[in-house]
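Open your viewer, load the model and keep the selection tool at hand. We will go from one stop to the next.

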Amino acid sequence: MYINKALLYGNLTRDPELKSLPSGSSVSTFSIATNRVWKDKEGNKQESTDFHNIVVFGKQAETVSQYLRKGSSAFVEGRMVTRSWDAQDGSKKYRTEVIADRVQFGPRSGGSSTEGKSFAGPQDKGNAQQQNAPAIDTIQYPDAQDEGINPEDIPF
């Protein structure tokens, strides 16, 4: 049995690019940067960054292009594929990509502006919540004693 599985969590290095195939299916491409931090033999902190090309197909490609932007974090699950082609100068070119089966969006950063809507920064968050806090509908559960339920009768 062979396994070709890629799991990546990182930040987008560019906005996703959405295109359509001749069949009408959507395809979106973007790249993700992942970081690795370690200490060398002398105890000095070292860091390296790797860049991964991601390809997403179908409805998920449209969703990725709509919601993700450069700097957004994402978790990508897919398989590795290496394509090759002949360049115009006669040389052979190669590109390794992750064909994504699933893309999960990471947390949105606070304080940024998205589609004309601004969100309160960390310093303004408490004040904004207190001033604009809508009333929350809550469910009133009956007291267990009022219903005649003895917690010791519950089998778990």
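## First stop: a charged pair

Select Glu 17, which is partly exposed, with a relative accessible area of 39%. Please keep in mind that this is a predicted model. Now add Lys 19: this residue forms a salt bridge with Glu 17, and the closest N and O atoms are 3.2 Å apart.

## Next: Ser 65

Keep Glu 17 on screen and select Ser 65 in helix α1, which spans residues 59-67. Is Ser 65 buried or exposed? Its relative accessible area is 12%, under the 20% cut-off, so Ser 65 counts as buried. Show its surroundings, leaving out residues up to four places away in sequence, and you will find Ser 65 touching Pro 16, Glu 17, Leu 18 and Ser 28.

## A step back

Switch to a cartoon of the protein chain, which has 2 helices and 8 strands. Follow the chain from the N terminus and the elements come in the order β-β-β-β-α-β-β-β-β-α. Of its 156 residues, 22% count as buried.

## Strand β1 and its partners

Colour strand β1 (residues 6-12) and strand β5 (residues 73-86): they pair in the antiparallel sense over 6 bridges. To see one such pairing, pick Asn 11, whose bridge partner in β5 is Ser 73. Then colour strand β3 (residues 26-39), which runs antiparallel to β1 and is joined to β1 by 2 bridges. Here Leu 12 stands opposite Ile 32 of β3.

## On to His 52

Ile 32 leads to the next selection, His 52, found in strand β4 (residues 45-57). Not counting residues up to four places away in sequence, His 52 touches Ile 32 along with Leu 8, Phe 30, Ser 31 and Thr 34. Zoom in on Thr 34, because a polar contact of 2.8 Å joins its side chain to that of His 52.

## Last stop: more salt bridges

The whole structure holds 7 salt bridges. Which residue's side chain meets that of Glu 77 in a salt bridge? Select Arg 102: the N to O distance is 2.9 Å. Glu 77 lies in strand β5 and Arg 102 in strand β6 (residues 92-105), so the pair ties together parts that are 25 residues apart in sequence. Glu 77 counts as buried at 15% relative accessibility, whereas Arg 102 is partly exposed at 39%. Add Lys 5 to the view, and you have a network of salt bridges linking Lys 5, Glu 77 and Arg 102.

Finish with Asp 86 and Lys 92, whose side chains meet in a salt bridge at 4.0 Å, N to O. Asp 86 counts as exposed at 57% relative accessibility, and Lys 92 as partly exposed at 46%.

Key:
Residues are numbered from 1 along each chain as its sequence is written. This is a predicted model: local features need pLDDT of at least 70, side-chain atom pairs count only at pLDDT 80 or more; totals for chains, interfaces and linings use all residues. Side-chain values use heavy atoms; hydrogens and water are left out. Helices (H or I, at least four residues) and strands (E, at least two) are DSSP runs, numbered from the N terminus. A polar contact is a pair of N or O atoms within 3.5 Å; within protein, one must be able to donate a hydrogen and the other to accept it, and residues adjacent in sequence count only if both atoms are side-chain atoms. Contact means heavy atoms within 4.5 Å. Buried means under 20% relative accessible area, exposed over 50%, partly exposed in between (1.4 Å probe, protein chains only). Two strands pair if DSSP finds at least two bridges between them.
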